[in-house]
Amino acid sequence: MKKWITMIALVTVVATAAGCAKTTTSSNGNSTESSNASASNDGQTDNASSNSGDGKAVELTFWGDWAGDGQKQFQTMVDAFNKSQDKIHVKYVLQQDLITKFLTAATSGGAPDVLLWDRWRTPLYAPKNVLHPIDDFMAKDGLNKDDFYGEALKELSNSDKLYGLPLTVDARALFYNKKLLADAGVTQPPTTWDELEQAAIKTTKWNGSKLEVAGFSLADNGLFNMYLQQAGGSMLTDDGKKTNFNNEKGLSVLEFWDRMLNQDKVYKVGFEQGLGEGTDAFATGKVAMTYNGPWMLSTYKKYGKDLDFGVVPPPAGPNGDKGGVMGGFGLVIPEASKNQEAAWEFIKWWTANKDNALLWAKTSLNIPGYKPALDDPFFKEDPLWQPFLDTLEFAKTRPAHPGYSVMETEALIPNLQLYQQKKQNAEDTLKKAQQRGDQQLADNEDVK
Amino acid sequence: MSSMGKLNQHQARMAYLFITPTMLLFFAFTIIPVVMALYLSFTNYDVVSRMEFVKLDNYKKLLEDDLFWTTFKNVFFYSVIFVPLNIIISLLLAMLLNFKRFGVKLFRTLNYLPTLTSAVAASTVWIWLLHPEFGLVNNLLSYAGITGPAWLAQTETAMFSIIMVTLWQSVGSNMIIYIAGLQGVPDYLYESAKLDGATAFARFRYITWPQLRPTTFLVSTMAIIGALQLFDQAFVLTQGGPGNVTKTPVYLIYNQGFNQLKMGYASAQAFVLAVAILIFSFINMRINKSEEPIV
């Protein structure tokens with residue numbers, strides 16, 4: 001733990017050592033080379049179930065970092081795929097430190113065939129040629145790109161090449177506690193910033209200097225992007241090379257936050273810090289309204305009658321602009337995979353088939369990236385899904401600049417934190433964030 | 001050399017044989033990585049696709065990197081408070097528990113327990129204890145009529161919270177080292193000092209403290225190295241926030257290397273950090289040396 005200096009270098013050693021002796025990595029991905037004869041030794045037990053004919057089912061390794069429930073959900077899909085045919089056999093391997101493991105594997109062999117991919121990473125990794133483009137596969141199988149969320153595909157693309165298909169799409173929407181709003185006399189969930197502010201003021205409860213119920217959660221500064229869209233702005237300039245928030249639009253977001261936090265006092269900095277699932281402030285009625293994604297639905301539904309909540313799309317800004325940020329995962333094929341054709345079959349089966357995408361949605365309570373699956377009553381008849389689907393209609397993905405996330409986490413958010421604590425005024429905040437942000441974008445532009 | 005008998009030669013050979021495995025491991029896992037990291041700090045290595053020699057570019061960039069120097073300022077601030085407090089508290093605890101009385105061992109164990117917990121797990125618990133509204137710390141303060149701050153979220157208190165948590169976790173092991181040191185101080189020194197009429201404070205100042213010099217050197221050096229390499233607690237408690245006030249060099253190096261794939265630049269940062277640690281350990285050594293033991 002204390003030897004970070006050597007740790008940095010250790011990665012290299014592992015990389016080179018693994019390159020010399022490929023077998024050392026085989027404990028992680030021992031099925032990658034199973035198309036070779038060597039598989040007949042260790043593949044016997046795995047293959048036995050799906051093997052009826054010549055005993056040469058292709059073994060695929062699928063890496064992801066979803067553990068616990070997520071792992072079970074993946075296993076359900078993998079099992080269903082393995083049962084559906086007998087030519088390909090997939091195995092899910094949980095990798096806690098997914099990206100680091102993948103990078104070492106990509107350079108030293110032992111790479112997986114299918115990889116769970118947090119989509120925003122694409123612009124940083126695709127230029128390094130570690131992912132295999134799937135355009136040819138798409139064309140060969142005649143898949144229609146319009147069946148998928150366009151923004152999600154855009155996020156999986158880099159210089160006109162597509163690198164994967166979207167597994168999930170998500171966007172934040174406004175969760176509100178029906179009981180708290182009703183008690184405070186708010187009959188309709190907010191649809192604009194003003195209504196949001198008023199509802200937050202009414203639902204906030206202070207007991208002396210102690211905040212008992214926060215009307216609205218202002219914990220996540222990372223949502224600046226969404227607020228900025230609602231104010232009619234955008235994070236980067238049209239050419240995607242510079243920040244674009246140091247203007248009156250960025251200012252209106254900061255003023256809105258300041259009003260809520262310091263004048264209306266509907267929230268307190270640090271109020272939700274460290275509250276995990278068991279003590280989630282919204283679930284326990286300590287926050288009346290909060291932005292969150294569809295991934296929280298299953299958690300909040302567990303509370304049943306104790307938590308009567310609703311969801312609405314993000315309220316619109318002063319000029320009626322709507323804004324949402326789309327995120328989610330995709331499935332990609334590493335360039336180093338030896339079974340790219342088979343990997344594509346698996347990805348196609350999962351993400352581009354109505355029934356399977358729906359099975360995935362029901363298993364994991366995620367919104368699949370494949371639009372035809374959304375016509376199912378499972379989505380259409382559930383009032384909690386509709387607001388998310390509505391939000392996804394106008395939500396935009398994060399800008400595809402390899403330095404974007406660095407800019408956000410290192411230039412923007414620290415300055416926003418200082419602003420929220422009144423350590424600097426709005427103009428300085430935006431100016432500093434812009435200067436540092438532009439520099440970060442320039443520094444990280446070239447990733448080749 | 002001629003005086004070295006056959007037996008000695010045999011022993012020497014066996015000695016080398018015995019230390020060979022350790023030396024090989026040390027070479028493979030410490031020396032080689034350090035040398036490679038030094039080389040990498042002159043390249044634009046990104047783990048995947050490139051590794052070109054860029055001469056001093058990384059180090060030039062370092063000089064202009066405000067954030068890097070901010071993180072240094074943060075850990076210096078941290079060290080200046082953490083290291084002396086660490087020594088004082090663990091020495092006081094050691095002196096308090098350096099008696100042969102019934103129950104002392106229990107208290108030693110209790111004081112040592114926090115050291116045994118994992119830094120990440122302990123920090124997670126501390127997040128709850130320090131919660132502004134529902135945390136134990138602020139609840140206790142509220143009985144005294146004080147409205148506690150949002151310890152981890154406010155710029156004024158975030159670093160102090162980290163100092164508090166790391167102190168809680170590290171004084172235990174230093175206390176054990178000091179107890180061992182205290183038990184190595186010969187009794188006759190105290191006896192003769194008492195005969196000469198030395199006060200308790202004088203006995204501490206002129207016997208205990210000088211006699212503990214090697215112990216203090218060990219404890220302070222480890223504390224300085226640990227302080228400059230602060231990572232776990234800052235990572236879990238505050239994620240470097242708010243507004244970068246708790247971001248540390250190791251945090252930055254980790255981020256640069258593993259999240260942004262700038263291994264070359266991260267290596268350069270790591271080397272600057274290593275040099276800084278070397279310098280401060282050296283200063284520490286000189287300060288300790290200047291205080292020569294009386295006996």
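## Contacts, cores and turns in a predicted two-chain model

Beyond its neighbours within four places in sequence, B:Leu67 is in contact with A:Glu410, B:Asn244 and B:Leu252. This is a predicted model. B:Leu67 sits in helix H3 (residues 66–96) of chain B. Is B:Leu67 buried, exposed or partly exposed? The residue has 17 C-beta neighbours inside 10 Å, so it counts as partly exposed. B:Pro214 lies 147 residues from B:Leu67 along the chain, and 36 Å separate their C-alpha atoms.

**The interface**

How many residues of chain B are in contact with chain A? There are 44 of them, and they touch 35 residues of chain A. Four helices of chain B each give two or more residues to this side: H1 (6–40), H5 (119–129), H12 (249–259) and H13 (263–290). H1(B) supplies the largest share, seven residues. By class, the chain B side holds 26 nonpolar, 14 polar and four charged residues.

**Domains**

Chain B is split into domain 1 (1–40) and domain 2 (57–290). The centres of these two domains of chain B, taken over C-alpha atoms, are 34 Å apart.

Chain A has three assigned domains: domain 1 (10–170 + 328–396), domain 2 (173–218 + 266–323) and domain 3 (220–255 + 401–448). Six residues of domain 1 of chain A contact six residues of domain 3 of chain A. The domain 1 side of that contact has four nonpolar residues, no polar ones and two charged ones.

**Chain A overall**

Chain A contains 19 helices and 15 strands. Of its 448 residues, 49% are buried. Take the contacts in chain A between residues at least 6 apart in sequence: 75% of them join residues at least 24 apart.

**The nonpolar core**

In soluble globular proteins, nonpolar side chains tend to be buried together. Here the largest nonpolar core has 167 residues. Those with the most contacts inside this core are A:Leu60, A:Val114, A:Phe216, A:Met289, A:Leu331 and A:Phe346. Helix H18 (residues 404–420) of chain A gives the core its largest share, nine residues.

What does A:Met289 touch, leaving aside its neighbours within four places in sequence? Its contacts are A:Leu174, A:Phe175, A:Tyr176, A:Ala199, A:Ala200, A:Gly215 and A:Phe216.

**Two helices of chain A**

Helix H14 (residues 340–351) of chain A has 12 residues. At 1.5 Å a residue, H14(A) should span 16 Å. The C-alpha atoms at its ends are 16 Å apart, so the expected span and the model agree. Buried residues of H14(A) include A:Trp344, A:Glu345, A:Phe346 and A:Trp350.

In helix H15 (residues 354–364) of chain A, the buried residues are A:Asn356, A:Ala357, A:Trp360, A:Ala361 and A:Ser364. Why do they line one face of H15(A)? Seen down the helix axis, they fall within an arc of 145°, so one face carries them. These buried residues pack against H4 (69–84), H14 and H16 (377–380) of chain A. After H15(A) comes A:Leu365, with a positive phi near 55°.

**Loops and positive phi**

Most residues other than glycine have a negative phi. The table gathers some that have a positive one.

| Residue | Phi | Place |
|---|---|---|
| A:Ser159 | near 35° | loop between strands E4 (157–158) and E5 (161–162) of chain A |
| B:Leu261 | near 60° | loop between H12 and H13 of chain B |

Which is A:Ser159, buried or exposed? A:Ser159 has 8 C-beta neighbours inside 10 Å, so it counts as exposed. The cut-off for exposed is 12 or fewer. B:Leu261 has 24 C-beta neighbours inside 10 Å, so it counts as buried. The cut-off for buried is 20 or more. The helices on either side of the B:Leu261 loop, H12 and H13 of chain B, are among those that give two or more residues to the side touching chain A.

Another loop residue is A:Ala111, between helix H5 (98–108) and strand E3 (114–118) of chain A. With 26 C-beta neighbours inside 10 Å, A:Ala111 counts as buried. A:Leu412 is 301 residues from A:Ala111 in sequence, and the two are 35 Å apart in space, C-alpha to C-alpha.

Conventions: Residues are numbered from 1 along each chain as its sequence is written. Chains are lettered from A and ligands numbered from 1 in the order in which they are written. This is a predicted model: local features need pLDDT of at least 70, side-chain atom pairs count only at pLDDT 80 or more; totals for chains, interfaces and linings use all residues. Two residues are in contact if their C-beta atoms, placed from the backbone, lie within 7 Å. Ala, Val, Leu, Ile, Met, Phe, Trp, Tyr, Cys and Pro count as nonpolar, Asp, Glu, Lys and Arg as charged, and the others, Gly among them, as polar. A nonpolar core is a set of buried Ala, Val, Leu, Ile, Met, Phe, Trp, Tyr and Cys residues joined through C-beta atoms within 7 Å. The expected span of a helix is 1.5 Å times one less than its number of residues. Domain bounds come from an automatic or database domain assignment. The arc is that of the directions from the helix axis to the C-beta atoms.
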